[in-house]
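Subject: the two-chain model

Hi,

Here is the model I promised you, with my notes underneath. Have a look at it in your viewer while you read.

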Amino acid sequence: MKIAVPVKFVPDLVEELNIDPSGTALDTAWLRLIINEFDDHAVEQAILLKEKEGGQVTVITIESEGADDFLFAAAAKGTDQLIKLTGDFSHANNHGLARVYADILKELQPDLILTGVQAHNDLDGSVGPLLAEQLGLPYVGYVAGVSVMGDKVIARKEYSGGLVAEIEIKLPAVLGIQASEQPPRYIAYSKIRQVMGTAKIEEKTVAALDLSGGTTVSRMFQPEVAQRATMLEGGTDEVADKLVSIFKELGTL
Amino acid sequence: MEITLSPLEPSVSKTFLTSVLGLENGERIRTCLQCGTCSGVCPFGYIMKFPPGKMIGALRSEFFDQVIKSDSVWMCVSCNACSAFCPSNIPITAALMTRAKEEMLLAGNVPTELQSALENTQRYGNPLGESPRKRADWAIGLQPEVNLLAKTRQPVDVLWYVGDYASYHSRMQSATKALAKILNVLGIKFGILGPEEYSDGDSQRLAGERGLFEMMAQKNGQIFRRYKFNEIITTDPHAFNALKNEYPSLGVSYPVRHYTQFLYERIEQIKPLLKTEIKARIAYHDPCYLGRVNGIFDEPRNLLKAIPGVELVEMTHQRLNSLCCGGGGGGMWLDGFQWEKAHTRLSEWRVREAVAAGAEILAVGCPYEPPRFEDAIKTIQDAGQLKVREIAELLAQAMGL
């Protein structure tokens, strides 16, 4: 079975986020990028399936800070093919990304496409369904567990309230991974270093992105203090006292 | 003693033994008497399926694969008690336990909590997952301004390697500030690396991540080479241990001392400054990597004794026989895992000992300890009055800083 995992990088929230002077985008000066957590789970799920069923795993990402390190770590986990798309992604949105991923996936012809169900910077929908639309394939999201049955997979889709549905899907298909069956594994740094000497990252250049269908950001801003909110000032004890009296006033205590 | 090998398959035991024999003094493992001292002195030996002595037994009788399959080695806090009391001087912690953890790590048998600390170290250069840019934020507002070498590029006498927890942990930052103030009062020309400083990596190494440790050592080495200084002092005994005993073999070699040694050398200058009395019974907790591993027992005690009003008391476990706080060898990042196995924490045992010794203050010299002991105090009956103080905090208090 051929499994492909297109992944993307998102702003790392360990650094504070600032808005750039245009007021419509993040300031990239101190921005650090990190793999989208759900995509990391999608890679793990692909490796777990490969270990169980055999097959080949391809991880595809776009050029960004940390992309090579991530791909080498994925190789150390068991990924067979590493693809890095290069080009200008500075204004990329998910519509544009889905189109470039779709182009490469049409060439690769995988049986199963796994991708993170969402990312915290998805402004125009998540990549998975957009990708499925581009490829004309079925899509199931919020998946936390996949098993293969011949030319079908059973996906365990999570619903709110703790409900889980088992959904049978004919391959090829796209799944949006909520969580891998086991948490993403740790790879010793010495192993990653070894892989750096042997694994090859295939680079493919991408022409200008078609961003149509995406959103236009009219204003991006830090959370603003709403009028109804009251900020309590003072030391811990003082604040606690005020809080208690407010609760009493409201009749909750 | 020759090990009998299974002719059918390449033996896990044989490969493992060979790798241990190749380590410094590793061949001493052949002289094990199976006396069981190591397993007895190990604070978690009673809970391990394979305490150290049994691990060596398993190695000899060719079922070491069972040890690797079990997760008992993750109870090891690398406190070195086993090695300190081994009559055959086998480097149990440095060679056997650390190699076993490396094997576990390579096999992917890593508890999740530890995994995230290691991933954080790889990504951010510190196990706490904090922004490297904020590494010197503890110093904001201090007057005179702390000399950030990247900014001033001045040659200094002392490079202060502040370390992970002393830089980032909110409880530890007050102790870090206290030490900065003391160094200023003493007129020491010192500088820090701030955002350029990486984790010393020693606890990661003792948790089995040798490759990551080497990466940290190389990065720190590159930064050290950029600046001019005469010696390094550390807040953290683990950093002190790494710089003193491990970095030199990786080509990073500088004179290094723990801050308590550095301050004790200036005790005559310090004594007249200790004007505010601290009237308290103080028990001093020997950090494993200051005391047992590196033999520094007296300097911290003598610093405390110099404070007027202090009555130093000793706990049951002290000096060479000190009891680990539970934070070493990855223990800092295995709290949930170890709790699940033991339903107790070493820090809790230690706090009970301090209470039993009649201490009002538990004095420490390692940045892992204040948060660990203060958490323990909250769960131990009759420990509510016990305070935990870094030695630097007590000195600064006595100096009226």
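One term first, as the helix notes below lean on it: two residues are in contact when they have heavy atoms within 4.5 Å of each other. Also, please keep in mind that this is a predicted model.

Let's start with that helix, α5 of chain A, which spans residues 189-198. Its buried residues are Y189(A), I192(A) and V195(A). Looking down the axis of α5(A), you'll see these fall within an arc of 115°, so they line one face of the helix. Over on the other side of α5(A), Q194(A), G197(A) and T198(A) are exposed. So what covers the buried residues? The cover of α5(A) includes α2 (67-77) from chain A, along with α7 (112-124) and α12 (210-226) from chain B.

Now the sheet in chain A. Nine strands make up an open, mixed sheet, and the order is β9-β8-β7-β10-β6-β1-β4-β5-β11. At the edges you'll find β9 (164-170) and β11 (201-205) of chain A, each pairing on one side only. On average, neighbouring strands here are turned by 30° against each other, if you ignore direction. Inside the sheet, β1 (residues 2-6) and β4 (residues 56-62) of chain A pair in the parallel sense, over five bridges. If you want a spot to zoom in on, K2(A) sits opposite Q56(A) in β4(A). Helix α1 (residues 37-53) of chain A packs on this sheet, where it touches β1, β4, β6 (112-116), β7 (139-149) and β10 (173-177) of chain A. The direction of α1(A) makes about 145° with that of β6(A).

Chain B has a sheet of its own to look at. This one is open too, with four strands in the order β6-β5-β7-β8 and parallel pairing. The strands β6 (310-313) and β8 (387-390) of chain B stand at the edges with a single partner each, so one side of each has no neighbour in the sheet. Neighbouring strands are turned by 35° against each other on average, again ignoring direction. Four bridges link β5(B) to β6(B), and A280(B) has V310(B) in β6(B) as its bridge partner.

Strand β5 of chain B (residues 280-284) also holds A283(B). Is A283(B) buried or exposed? With 0% relative accessibility, A283(B) counts as buried, because the cut-off for that is under 20%. Beyond its neighbours within four places in sequence, A283(B) is in contact with V313(B), M315(B), A359(B), I361(B), L362(B) and A363(B). For a sense of scale, the C-alpha atoms of A283(B) and E196(B) are 36 Å apart, with their positions 87 residues apart along the chain.

On to the cores. The largest nonpolar core has 74 residues, and M55(B), F64(B) and L96(B) have the most contacts inside it. Helix α6 (residues 92-106) of chain B gives this core its largest share, seven residues. Not counting residues up to four places away in sequence, F64(B) touches S13(B), F16(B), M55(B), A58(B), L59(B) and A100(B). Another core, of 67 residues, lies apart from that one; I192(B), I270(B), A306(B) and A396(B) are among its members.

Last, the charged pairs. Searching the whole structure turns up 44 salt bridges over all chains. Here are a few from chain B:

- K69(B) bridges to D65(B), with the closest N and O atoms 3.9 Å apart. The two are separated by about one helical turn, because they sit four residues apart in α4 (residues 64-69) of chain B. K69(B) is exposed at 62% relative accessibility, while D65(B) is partly exposed at 26%.
- K151(B) and E145(B) meet at 3.4 Å, N to O, and both are exposed.
- R350(B) and E353(B) pair up with their closest N and O atoms 2.7 Å apart. Both lie in helix α18 (residues 346-356) of chain B, three residues apart, or about one turn. Both are buried.

There is a network as well: salt bridges with shared partners join R193(A), D202(B), R205(B), R210(B), E214(B) and E246(B).

Cheers

Conventions. Residues are numbered from 1 along each chain as its sequence is written. Chains are lettered from A and ligands numbered from 1 in the order in which they are written. This is a predicted model: local features need pLDDT of at least 70, side-chain atom pairs count only at pLDDT 80 or more; totals for chains, interfaces and linings use all residues. Side-chain values use heavy atoms; hydrogens and water are left out. Two strands pair if DSSP finds at least two bridges between them. Axes are lines fitted to C-alpha atoms, for helices over the stretch in contact, and angles run from 0 to 180 degrees between N-to-C directions. Buried means under 20% relative accessible area, exposed over 50%, partly exposed in between (1.4 Å probe, protein chains only). A salt bridge is a side-chain nitrogen of Lys or Arg within 4 Å of a carboxyl oxygen of Asp or Glu. The arc is that of the directions from the helix axis to the C-beta atoms. A nonpolar core is a set of buried Ala, Val, Leu, Ile, Met, Phe, Trp, Tyr and Cys residues joined through side-chain atoms within 4.5 Å.
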